[in-house]
Amino acid sequence: MRSFILTICSLLMLFASSAAFSPIAPVTRAPSTVVSTTSLNVFGKKKSAAQKAEEEAKNALYWQGEWVCKDCGYIYQRGECAGMFFEEQGAGFRCPQCSGPRRRYAKKVGDVVGTTLDGGDAPILIFSFGGVIATIIFGIWAVDNL
């Protein structure tokens with residue numbers, strides 16, 4: 001083990017003493033004589049009117065407000081998720097903060113969070129109360145008839 005550490009230290013000292021890794025080594029650069037005439041928009045071409053109209057039509061199909069995770073309050077941001085609209089996300093999408101499923105997201109209108117994509121918790125509550133009432137009715141019937 002000691003020989004291994006000594007080998008590593010000697011290699012570090014060898015590299016540190018070489019001129020290539022020295023912080024005071026002179027840097028030589030070729031003189032720049034080419035003048036760039038490009039504008040700041042170097043990452044693509046201007047969109048044509050047809051492309052702009054197509055993009056606006058696509059934007060009109062989707063909710064322009066915010067989507068909020070009802071479990072943790074995370075606000076979906078299109079730029080963080082490959083530029084995809086929330087509605088374009090597949091069924092396997094999870095909240096980046098709490099790993100909640102996609103169905104736990106709701107539309108935010110003003111300061112009020114709306115219903116989730118699956119209708120919210122109302123169907124769960126309705127069927128739960130229905131099950132409790134059915135169990136009570138069955139219990140009363142079973143006591144009288146069995």
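pLDDT is the predictor's confidence in each residue, on a scale from 0 to 100. The structure described here is a predicted model, and across the protein the mean pLDDT is 75, with 66% of the residues reaching 70 or more. The secondary structure comes to three helices and three strands, which follow the pattern α-α-β-β-β-α when read along the sequence.

**Confidence and overall build**

- Confidence varies from element to element: strand S3, covering residues 112–116, has the lowest mean pLDDT among the elements, at 60, while helix H3, covering residues 122–145, has the highest, at 91.
- The protein has 146 residues, and buried residues make up 14% of them.
- Among the contacts with a separation of 6 or more, 39% are accounted for by residues that stand 24 or more positions apart.

**The nonpolar core**

- The largest nonpolar core has nine residues, and its aromatic members are Trp67, Tyr74, Tyr76, Phe86, Phe93 and Tyr105, which are joined in the core by Cys69, Cys81 and Cys95.
- One member of this core, Tyr74, touches Trp67, Val68, Cys69, Glu80, Cys95, Pro96, Gln97 and Tyr105, once residues up to four places away in sequence are set aside.

**Cysteines without a disulfide**

- The structure holds zero disulfides, although several cysteines come into the picture, and two of them can be followed in some detail.
- For Cys95, the closest cysteine sulfur is that of Cys72, and because the two sulfurs are 3.6 Å apart, they are too far from each other for a bond, given that a disulfide requires the sulfur atoms to be within 2.5 Å.
- Cys98 also has its closest cysteine sulfur in Cys72, and at 3.6 Å this pair, too, is too far apart for a bond.
- The surroundings of the two residues can be told apart by their accessibility, since Cys95 counts as buried at 2% relative accessibility, whereas Cys98 counts as partly exposed at 33%.
- Cys98 is found in the loop between S1 and S2, where, not counting residues up to four places away in sequence, Cys98 touches Cys69, Asp71 and Cys72.
- Although Cys98 and Tyr74 are 24 residues apart in sequence, the distance between their C-alpha atoms is 8.4 Å.

**The salt bridge**

- The count of salt bridges comes to one, and this salt bridge is formed by Asp71 with Arg104, whose closest N and O atoms are 3.1 Å apart.
- The pair links distant parts of the chain, for Asp71 and Arg104 are 33 residues apart, even though each of them lies in the loop between S1 and S2.
- Asp71 counts as partly exposed, with a relative accessibility of 45%, and Asp71 is also one of the residues that Cys98 touches.

**Gln89, a buried polar residue in the loop**

- Gln89 lies in the loop between strand S1, residues 66–69, and strand S2, residues 105–109.
- With a relative accessible area of 13%, Gln89 is buried, because the cut-off for a buried residue is a relative accessible area under 20%.
- The side chain of Gln89 makes a polar contact, at 2.9 Å, with the side chain of Tyr76, a residue that belongs to the largest nonpolar core.
- Apart from its neighbours within four places in sequence, Gln89 is in contact with Tyr76, Cys81, Met84 and Arg102, and of these residues Tyr76 and Cys81 are listed in the largest nonpolar core.

Definitions and conventions
Residues are numbered from 1 along each chain as its sequence is written. This is a predicted model: local features need pLDDT of at least 70, side-chain atom pairs count only at pLDDT 80 or more; totals for chains, interfaces and linings use all residues. Side-chain values use heavy atoms; hydrogens and water are left out. Buried means under 20% relative accessible area, exposed over 50%, partly exposed in between (1.4 Å probe, protein chains only). Helices (H or I, at least four residues) and strands (E, at least two) are DSSP runs, numbered from the N terminus. A polar contact is a pair of N or O atoms within 3.5 Å; within protein, one must be able to donate a hydrogen and the other to accept it, and residues adjacent in sequence count only if both atoms are side-chain atoms. Contact means heavy atoms within 4.5 Å. A salt bridge is a side-chain nitrogen of Lys or Arg within 4 Å of a carboxyl oxygen of Asp or Glu. A nonpolar core is a set of buried Ala, Val, Leu, Ile, Met, Phe, Trp, Tyr and Cys residues joined through side-chain atoms within 4.5 Å.
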